[in-house]
Amino acid sequence: MDAGSPRRPSARQHYWDTLRAALMLLGIPYHSALAFQAGGWIVATHQHSPVLDYVAETIHLFRMPAFFLVAGYFAALSLTKYPPAGWFRARLARLGIPFLASLVTIIPVLNIGCELSNFAPAAALDSWRHLSVTSGGYWVRHLWFIIVLLYLCGATALAAQIWPRLRAAVLPERIDRWTARRPLAALLLLGVAVGLFEAVTIELFYSAHLNTTLPQEILRLDDLLGALPWFVLGLILQRGPRTLAAMGERRAGVAVLAVAATALALVLYGHSWPPLYRFVGAISAMLVTQVILSVARQSFDRASPVTDRLVRGSFVVYLFHVPVIVWLALIADGIGLPPAIGFVLVASGTLATTLAIAALVERSPVLSLLYSGTRSVARPRARRDAMTAVPAE
């Protein structure tokens, strides 16, 4: 990237906030589908549907890649306004405090629910105690994204501290113009590049058996490898105004290819060499991300009380949604509901419950600090958004 003043719109682009919240909220249908998938999940249910396997995998293909791209976009935007060290300290508080609070309040409730789905109460408690002191992954659960996001934010802040010119760097004019004129070609090239990176690096990581150690269960370095290229793309996208504008336009050809690539990935799902699946999945994710980015820009680039409320509460919703899903799935399974009905009721019940929790957290300075990482619920919005907004999972 070249150095200079970032060529970026001065007006607030609301669709990025909406996209961030939507990706985070998609964790509800994703994990609700996992609760009833045929392959099993952390909560054991007796009512399964193979269809829900594909519902979950379809969401999974693009959700986290798009999330980390959005995270990179917000990181690049924030570094044009704030010193790297101060920005990272704000991120550390915004993410670290809720992470620690969730480890001691949310995760234990989640885990005991999982154990009760497998064992009688006494045996469930014994298993909970044993795994709590022997399994790193047992504590991380869905909070892994916070660990990975802190890696990426820390590395970005460090790079900007060492090379201050990065704070004002922009995408070279020639590249910016080329990608804006040929967005489909750019998307396919990037999809292939990211797919090769993920297929090779993650496979080497697993081949070396680095994923089987207790520290890795906590450090989540394989997830870092999967997130890294998307975060970097978000950083670059924020510094390329023509490319950003082009990626925000609806394109029928991209949408058709996105559907085809996703269909191919789902055909390969569970029946192919893992690196091949990661490769095809990355191309699918690249195309789908452009589609949802364009939909967000065309339909949600305006202030709205409803979307603003969802944006404010989406992080809290994410923190609490998995334990709520686990307990509601236990209830649905105990009643014997068909999986499709159970999925709908669990997902809708989780959305309502977690939105209520988010509203409660927002009204309490103490709860806001613990689960939003903010010292006061009345902080000025502009500063809160720029320095501490969480770019969704």
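This report walks through some helices, loops and buried spots of the structure above, which is a predicted model.

Let's start with the nonpolar interior. The largest nonpolar core counts 94 residues. Within that core, Trp16, Phe68, Phe145, Ile146 and Leu149 have the most contacts. Helix H3, running over residues 50-79, hands in the largest share of this core, 17 residues. Apart from it lies another core, made of six residues, including Leu61, Ala265, Leu266 and Leu268. As a bit of background, nonpolar side chains in soluble globular proteins tend to be buried together.

Next, a pair of helices. Two packed helices are described by the angle between their axes and the distance between the axes. For H4 and helix H7 (residues 144-162), that angle is about 170 degrees, and their axes are 9 Å apart. An angle over 145 degrees counts as roughly antiparallel, so H4 is roughly antiparallel to H7. On the H4 side, the contact is made by Pro84, Ala85, Trp87, Phe88, Arg91, Leu92, Leu95 and Phe99. H7 answers with Ile146, Ile147, Leu149, Leu150, Cys153, Gly154, Ala157, Ala160 and Gln161. Sorted by class, this contact of H4 with H7 has 14 nonpolar, two polar and one charged residues. Two names here also turned up in the core: Ile146 and Leu149 are among its residues with the most contacts.

H4 comes up again with helix H17, which spans residues 365-372. The buried residues of H17 are Ser368, Tyr371 and Ser372. They sit on the same side of H17, because they cover an arc of only 90 degrees around the axis. What do these buried residues of H17 pack against? Their partners are helix H4 (84-116), helix H15 (305-335) and helix H16 (339-363). Just after H17 comes Gly373, with a positive phi of about 75 degrees.

On the subject of phi, most residues other than glycine have a negative value. Two residues other than glycine go positive here. Arg141 has a phi near 50 degrees and is found in the loop between helix H6 (137-140) and H7. His209 has a phi near 60 degrees and lies in the loop between helix H9 (183-207) and helix H10 (214-219).

Is His209 buried or exposed? His209 is exposed, and the table puts its relative accessible area beside those of three buried residues.

| Residue | Where | Relative accessible area |
|---|---|---|
| Arg20 | helix H1 (residues 14-25) | 3%, buried |
| Ser132 | helix H5 (residues 121-134) | 17%, buried |
| His209 | loop between H9 and H10 | 55%, exposed |
| Gly248 | loop between H12 and H13 | 0%, buried |

The cut-off explains the labels: buried means under 20% and exposed means over 50%, so Ser132 at 17% counts as buried.

Now for the company these residues keep, leaving out residues up to four places away in sequence. Ser132 touches Tyr138 and Trp139. Gly248, in the loop between helix H12 (241-247) and helix H13 (252-268), touches Ser294, Arg297 and Gln298.

Finally, two distances between C-alpha atoms. Arg20 and Ser314 are 294 residues apart along the chain, and their C-alpha atoms are separated by 8.5 Å. Gly248 and Ser368 are 120 residues apart in sequence, with 33 Å between their C-alpha atoms. Ser368, you may recall, is one of the buried residues of H17.

Conventions:
Residues numbered from 1 in each chain as written. Predicted model: local features only at pLDDT ≥ 70, side-chain atom pairs only at ≥ 80, totals over all residues. Heavy atoms only, no water. Buried < 20%, exposed > 50% of the residue type's maximum accessible area, 1.4 Å probe, protein only. Helix = DSSP H or I, 4+ residues; strand = E, 2+ residues; numbered from the N terminus. Arc of directions from axis to C-beta. Contact = heavy atoms within 4.5 Å. Axes fitted to C-alpha atoms, helices over the stretch in contact; angles between N-to-C directions. Parallel < 35°, antiparallel > 145°, perpendicular 65-115°, else oblique. Nonpolar A, V, L, I, M, F, W, Y, C, P; charged D, E, K, R; others polar. Core = buried A, V, L, I, M, F, W, Y, C linked by side-chain atoms within 4.5 Å.
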